[in-house]
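Work through these exercises with the model open beside you. Try each task before you read its solution.

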Amino acid sequence: MEPRVAVVMGSKSDLEVMQEAIEVLKEFGVPHEVRILSAHRVPDDVADFSEKAASRGIRVVIAGAGWAAHLAGSIAARTVLPVIGVPVDSSPLKGWDALLSTVQMPPGIPVATVSVGKGGARNAAYLAIEILALTDENLQRKLTAFREEIREKVRRADRELQKNHEAG
C-alpha cells in the first residue's frame, strides 16, 4: 500500500524525536514513509518532494526540525497538503527557536504546530491520523478505541490513588 503520511526530518539527529511519530503510525497501521530533507542544505530536494508528495498518495506531512526549523514551512509553501510541524529540541535554546520558526507562518501558508520534542512528535502522528480518519472509518474506529483506552487508564489511576489515599 502506498504511503499516506510522510514523516520528514531535517537531519539524522532528529530521528530520536521523530521515531515517536513513526511508532504511533505503526501502531495504527498507517502506511508511511520516512525521509531526511533539509530546508537549508538540500532545498531543491525539499521542493521536489513537496511538489510530488500528493501525486504519490501522501495525504499529510509531518515535518520535524530543530534550530531555525524552516522545513515544515518550506514544504507547506509548495503543497496544499496539511503539514504538521514538530519543533525539535536540539539547539542550545532547547527548542524555543524551532517552535517560533515553525509556528510563526505567514497568513495563507499554515503549518499546524505541536509541542516541542517527543510528545509533540506523538501528537503530530495522532493529528495526522485524525485527518485521515475523516474519510477512513477503520481509522475512526481505532481512534475511538484508543481514546477510550487512555480515558480508562486515567480512571484506573484515579481509583488506585483514591484507594491508597483512603488506606493511608
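**Exercise 1. Strand pairing**

Which residue in β3 is the bridge partner of Ala6? Then place the strands in their sheet.

Solution. This is a predicted model, so read every value as computed from a prediction.

Step 1. Start at Ala6. Its bridge partner in β3 is Val61.

Step 2. Widen the view to the strands. β1 covers residues 5-9 and pairs with β3 in the parallel sense, over 5 bridges.

Step 3. Turn to the other neighbour of β1. β1 and β2 run parallel and are joined by 5 bridges. Here Val5 stands opposite His32 in β2.

Step 4. Move on from β3. Strand β3 (residues 60-65) pairs with strand β4 (residues 83-87), again in the parallel sense and over 5 bridges. Ile62 is opposite Ile84 in β4.

Step 5. Put the order together. The open sheet has 5 strands, arranged β2-β1-β3-β4-β5, with parallel pairing. Its edge strands are β2 (32-36) and β5 (112-113), and each of them pairs on one side only.

**Exercise 2. Covered strands**

Are the residues of β1 buried or exposed? Check both faces, then do the same for β3.

Solution.

Step 1. Recall the cut-off: buried means under 20% relative accessible area.

Step 2. Count in β1. 5 of its 5 residues are buried, so β1 is largely enclosed by the rest of the structure.

Step 3. Split β1 by face. Val5, Val7 and Met9 lie on one side, Ala6 and Val8 on the other, and all are buried.

Step 4. Count in β3. There, 6 of 6 residues are buried, and the strand is mostly covered.

Step 5. Split β3 by face. One side carries Val60, Ile62 and Gly64; the other carries Val61, Ala63 and Ala65. Both faces are covered.

**Exercise 3. One residue in a helix**

Which residues does Met18 touch, leaving out those up to four places away in sequence?

Solution.

Step 1. Locate Met18. It is in helix α1.

Step 2. Read its accessibility. The value is 0%, so Met18 counts as buried.

Step 3. List the contacts. Met18 touches Val7, Val8, Met9, Ile62, Ala63, Gly64, Val86 and Ala121.

Step 4. Match the contacts to the sheet. Val7 and Met9 belong to one side of β1 and Val8 to the other. Ile62 and Gly64 share a side of β3, with Ala63 on the other.

Step 5. Compare a residue further off. Met18 and Ala54 are 36 residues apart in sequence, and their C-alpha atoms are 21 Å apart in space.

**Exercise 4. Helix packing**

At what angle do helix α1 and helix α5 pack? Describe their contact.

Solution.

Step 1. Find the helices. α1 spans residues 15-27 and α5 spans residues 118-133.

Step 2. Give the geometry. The angle is about 35°, and the axes are 7 Å apart. The crossing of α1 past α5 is right-handed.

Step 3. Name the partners. From α1 come Glu16, Val17, Met18, Glu20, Ala21, Val24, Leu25 and Glu27. They meet Lys118, Ala121, Arg122, Ala125, Tyr126 and Ile129 in α5.

Step 4. Sort them by class. This contact has 9 nonpolar, no polar and 5 charged residues.

Step 5. Look at another helix. α4 (residues 96-103) lies across β3, β4 and β5, and runs at about 165° to β4.

**Exercise 5. Two loop residues**

What is the phi of Trp67, and what is that of Lys94?

Solution.

Step 1. Recall the usual case. Most residues other than glycine have a negative phi.

Step 2. Take Trp67. Its phi is positive, about 55°, although it is not a glycine. Trp67 sits in the loop between β3 and α3 (71-76).

Step 3. Take Lys94. Its phi is also positive, about 60°. Lys94 lies in the loop between β4 and α4.

Step 4. Add the accessibility of Lys94. At 61% it counts as exposed, because the cut-off is over 50%.

**Exercise 6. The whole chain**

How many helices and strands are there in the protein chain?

Solution.

Step 1. Count: 6 helices and 5 strands.

Step 2. Read along the sequence. The pattern is β-α-β-α-β-α-β-α-β-α-α.

Step 3. Check burial. Of the 168 residues, 42% are buried.

Step 4. Consult the record. An unreviewed UniProt entry lists residues 3-154 as "domain: PurE". That span is 47% helix and 15% strand.

Conventions. Residues are numbered from 1 along each chain as its sequence is written. This is a predicted model: local features need pLDDT of at least 70, side-chain atom pairs count only at pLDDT 80 or more; totals for chains, interfaces and linings use all residues. Side-chain values use heavy atoms; hydrogens and water are left out. Axes are lines fitted to C-alpha atoms, for helices over the stretch in contact, and angles run from 0 to 180 degrees between N-to-C directions. Helices (H or I, at least four residues) and strands (E, at least two) are DSSP runs, numbered from the N terminus. A crossing is left-handed if the near helix is turned anticlockwise from the far one by less than a right angle, and right-handed if clockwise. Contact means heavy atoms within 4.5 Å. Ala, Val, Leu, Ile, Met, Phe, Trp, Tyr, Cys and Pro count as nonpolar, Asp, Glu, Lys and Arg as charged, and the others, Gly among them, as polar. Two strands pair if DSSP finds at least two bridges between them. UniProt positions are given in the numbering used here, feature names are shortened, and annotations may be inferred rather than shown by experiment. Buried means under 20% relative accessible area, exposed over 50%, partly exposed in between (1.4 Å probe, protein chains only).
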